Amino acid sequence: MNNSIISFMQQARADADIVDLSYRFEPDMPVWPTHARYGAVIYESYDWTGVSMHRQVTYGEHSGTHIDAPRHFFREGKSIDQMDPACVMGRAVTIDASFLQPCEAYTLEHLKRFETEHGTIEAGDIVLFRFGWDDRYGTGAQTVEFLKDWSGLGKDAAQYLYDRGVAAVGTDALALDPFGSPDYPCHQILLGHGTPILENVANLKLLPPFSYVIGLFTKFKDGSGSPINMVAFVQRRQP
């Protein structure tokens, strides 16, 4: 391996705090009512005279922190195994949209205001919206509030981000479109043009406006999406 790459990664690890952006899989985690639930069955265990333990786990492609492939909405769109493995690697732009009311859309006007205050969104960026829904995340009975009324991205803002050439767009809610959207414009615009969507992203409140994100997904053949493990590298403040 190129020594310069090793040196760069070692320096990045030394100078940055690592923020985990993915939820763990566990019983009664929140999923959309029509989607498969998480489950685990022990197949072998040292408690049963085995030399090791392993389980069968089942879950939907859109469980937990996950990525939507174009195939999710478009029959001829790329499936998850056809996606570039580097599509969620790059500069992250994290936008606080938690001031919105339930079901409200984050508009192009809001987005341009963010750019005026913080800087321009560029081609290849991974844009992450925090609508405050991470505060509602929980298991069991706690899922009730998480599974309804979330805010989301407006159609005009989604089109603007696609036109900018961003690599991916994400949210801390269950879907990028606002709850109750009848035609899913964000999914239509972004997935329709091959731009993946990230949903149920955790810990966005811990990120500054700009950081670096790496996300790795599982390549299910013909898959419409996949859980994704994501981490952010955040520049460590000097004492």
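In this predicted model, Thr171 lies in strand 9, a stretch that covers residues 168-171. Is this residue buried or exposed? Its relative accessible area is 0%, and because buried means under 20%, Thr171 counts as buried. The surroundings of Thr171 can be listed by name. Leaving aside neighbours within four places in sequence, Thr171 is in contact with Phe129 and Phe131, with Leu176, and with the run of Leu198, Glu199, Asn200 and Val201. Met53 offers another reference point: 118 residues separate Thr171 from Met53 in sequence, and their C-alpha atoms are 35 Å apart in space.

A second strand residue makes a helpful companion to this picture. Gln235 lies in strand 12, and its relative accessibility of 58% makes it exposed. Along the chain, Gln235 and Phe210 are 25 residues apart, while 9.2 Å separates their C-alpha atoms.

The next residue to consider is Arg236, which is found in the segment after strand 12 (225-235). Which residue does the side chain of Arg236 meet in a salt bridge? The partner is Asp17, with a distance of 2.9 Å from N to O. Asp17 belongs to strand 1 (residues 16-20), so this salt bridge ties together parts that are 219 residues apart in sequence. Both partners are partly exposed: Arg236 has a relative accessible area of 31%, and Asp17 has a relative accessibility of 36%. As a general point, side chains of opposite charge can pair when their charged atoms come close.

How many salt bridges does the structure hold? The total is 11, and a few further examples are worth a look. The side chains of Arg130 and Asp135 meet in one of them, at 3.0 Å from N to O. Arg130 is buried, with a relative accessible area of 11%. This residue also takes part in a wider arrangement, for Arg130, Asp134, Asp135 and Lys205 are linked in a network of salt bridges. Another pair joins Arg136 to Glu145, whose closest N and O atoms are 3.9 Å apart. The cut-off for a salt bridge is 4 Å, so a pair at this distance still qualifies. Arg136 is partly exposed at 31% relative accessible area, and Glu145 is likewise partly exposed, at 38% relative accessibility.

With these residues in mind, the whole chain can be described. Five helices and 12 strands are present in the protein chain. Its C-alpha atoms fill a box of roughly 65 × 50 × 40 Å along the principal axes. A compact globule of 239 residues would have a radius of gyration near 18 Å, and the value of 19 Å for the protein chain agrees with this. Among contacts with a separation of 6 or more, 74% are between residues 24 or more positions apart.

Finally, burial, surface and charge complete the description. Of the 239 residues in the protein chain, 45% are buried, and Thr171 is one such buried residue. The accessible surface of the protein chain comes to about 12500 Å², with 51% of it belonging to carbon and sulfur atoms. The charged side chains comprise 20 positive and 30 negative ones, and the centres of the two sets lie 2 Å apart.

Terms used: Residues numbered from 1 in each chain as written. Predicted model: local features only at pLDDT ≥ 70, side-chain atom pairs only at ≥ 80, totals over all residues. Heavy atoms only, no water. Helix = DSSP H or I, 4+ residues; strand = E, 2+ residues; numbered from the N terminus. Buried < 20%, exposed > 50% of the residue type's maximum accessible area, 1.4 Å probe, protein only. Rg over C-alpha atoms; globule rule 2.2 N^0.38 Å. Contact = heavy atoms within 4.5 Å. Areas by Shrake-Rupley, 256 points an atom, 1.4 Å probe, with all protein chains shown as cover. Lys, Arg positive; Asp, Glu negative; His and termini not counted. Charge placed at Lys NZ, Arg CZ, Asp CG, Glu CD.
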